[in-house]
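Trainee: I'm new to this one and would like a close look at a single part. Could you walk me through one helix pairing, and then the odd spots elsewhere that I should know about?

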Amino acid sequence: MVARVAQRAPGKLAALRLTGRAATDRPLAAGLIALAGSLCFASFRLWLAAGGNITKFVRAAAPFSDLNGVPRGLFVFPSNGYDGQFYYRLALDPANLHHEAFGITLDSPFRLQRIGYPALAWLVSLGQRSWVPVALVVVNVLALSAIGLVGGMLARDCGRHALCGLLLAGYFGFFISVGCDLTEPAAACLLGGVLAYRRGRPVLAGLLFAYGALTRETVMIVPLAIGLTRLVTMVRRPVRPGAGDLAWCLPAIAFGGWQLILRAATGTFILLNGFGSNSSAGLPFGGFIDAMRLNLGLLPAFTGAAYIWFLEVATLMAFAAAALASLRSATVPAYERVAFVAFIIELGVLSAGIWTGHADLRSIDEFYLLAVLILLGPGRRRLVPLALCAGLAFMVAAVHQALYL
């Protein structure tokens, strides 16, 4: 009798382990974990850094926000404002494309091309201006949840555990995006478009890429990479255009059409204006070199932000090196290789202001995401060392952003 019990126990234990794995090896589990994490972060930041005032997430401040002209209830800092104030202003009325409205003046016309995020926040707020600060946070929290969910689906499609998809939602730059009402969670549309395209649904992919590009213009790099690889394929062998081309045609039409609308409203091509303000005129990676010098100079003063910056840069470099080593693999789709190289080129031309600001390198999220997508592919190296590195940077950034505005 004792022997029989001893024989059954290991079998039951193995069954329990399999049941536990089955419960977590689902994309929904990754999405719920991402939702819980982003909600916890937003709650702690609201309680610890913002003192319970969610309008502080907007980071409205002089000289762009006029204390006497902004909507009632909005907290206006005396200085040190941030980009979220411009998306808040657009979310009050997405159809108002004037340079100044609601007591807030845009710092640059290129803010207008990122209409997707404020327009969705306007819909969530039901057009109620007092609800907009909450809607901006809700949209970003849900976007991060979507990244976790889609990440789990991508991981499963690659033969990995669904929770490996949390690497996509675990980019350290997303915290400042949620905490300051920024547009980086447009990555949900980028990843959703990639998933749809991989599964042979080009129309859905095109629509997701289109909305993502209207939220953050750099999302256009991925559908353009798809278009380029399709054109090369057509040149090499007789292949007619088909439904698959909608994945890049739809976002190109939507983005180009919006640019023409903005040209008519402002008298300038917004895309050229934004590219010039965020690009470096010097040597490739000149902005990064300047940022390195600046942060090295801050280390003797034991400035916490400088140490965090180096931790995040080291994490990005680790992912970049691993992705580059896997780039020649036949299982990496050609358009993803092209997009990844394009994002590397983008890093080389970024201005010093993008690199030097202690904002958890939030503007480089697409580069990180493409690196993770490449590493998730079948037959790739083990992700545990990279996950540990990303997890450390993730936790440090979360604590830092939860404590300080």
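Mentor: Here is the helix pair, followed by some backbone oddities and the cysteines.

Keep in mind that this is a predicted model. Let's begin with helix H10, residues 221–236, and helix H15, residues 334–349, which pack with their axes 8 Å apart at an angle of about 130°. That angle makes H10 oblique to H15, and H10 passes H15 in a right-handed crossing. On the H10 side, the residues that meet H15 are Ile 221, Val 222, Ala 225, Ile 226, Leu 228 and Thr 229. Facing them from H15 are Ala 334, Tyr 335, Val 338, Ala 339, Ala 342 and Phe 343. Sort the residues of this contact by character and you get 11 nonpolar, one polar and no charged.

Now for the backbone. Most residues other than glycine have a negative phi, and most peptide bonds are trans. With that in mind, look at Leu 126, which isn't a glycine yet has a positive phi of about 60°. Leu 126 sits in the loop between helix H4 (116–124) and H5, and with a relative accessible area of 62% it is exposed. Asp 181 also has a positive phi, about 55°, again without being a glycine. You'll find Asp 181 in the loop between helix H7 (174–179) and helix H8 (187–198), but here the residue counts as buried, at 0% relative accessibility. As for peptide bonds, the one from Ala 62 to Pro 63 is cis, with omega near 10°. Pro 63 belongs to the loop between strand S1 (60–61) and strand S2 (76–77).

Next, the cysteines: the structure holds zero disulfides. Take Cys 164, whose closest cysteine sulfur is in Cys 158, 9.8 Å away, so the two are too far apart for a bond. Cys 164 is partly exposed, at a relative accessible area of 23%. Cys 249 is in no disulfide either, as its nearest cysteine sulfur, that of Cys 189, is 19 Å away. Cys 249 counts as partly exposed too, at 25% relative accessibility.

One last stop is Val 138, found in helix H5, which covers residues 132–157. Val 138 is partly exposed, with a relative accessible area of 34%. Follow the chain and Val 138 and Pro 251 are 113 residues apart, while their C-alpha atoms are separated by 25 Å.

Key: Residues numbered from 1 in each chain as written. Predicted model: local features only at pLDDT ≥ 70, side-chain atom pairs only at ≥ 80, totals over all residues. Heavy atoms only, no water. Axes fitted to C-alpha atoms, helices over the stretch in contact; angles between N-to-C directions. Helix = DSSP H or I, 4+ residues; strand = E, 2+ residues; numbered from the N terminus. Parallel < 35°, antiparallel > 145°, perpendicular 65-115°, else oblique. Left-handed = near helix turned anticlockwise from the far one by under 90°. Contact = heavy atoms within 4.5 Å. Nonpolar A, V, L, I, M, F, W, Y, C, P; charged D, E, K, R; others polar. Disulfide = S-S within 2.5 Å. Buried < 20%, exposed > 50% of the residue type's maximum accessible area, 1.4 Å probe, protein only.
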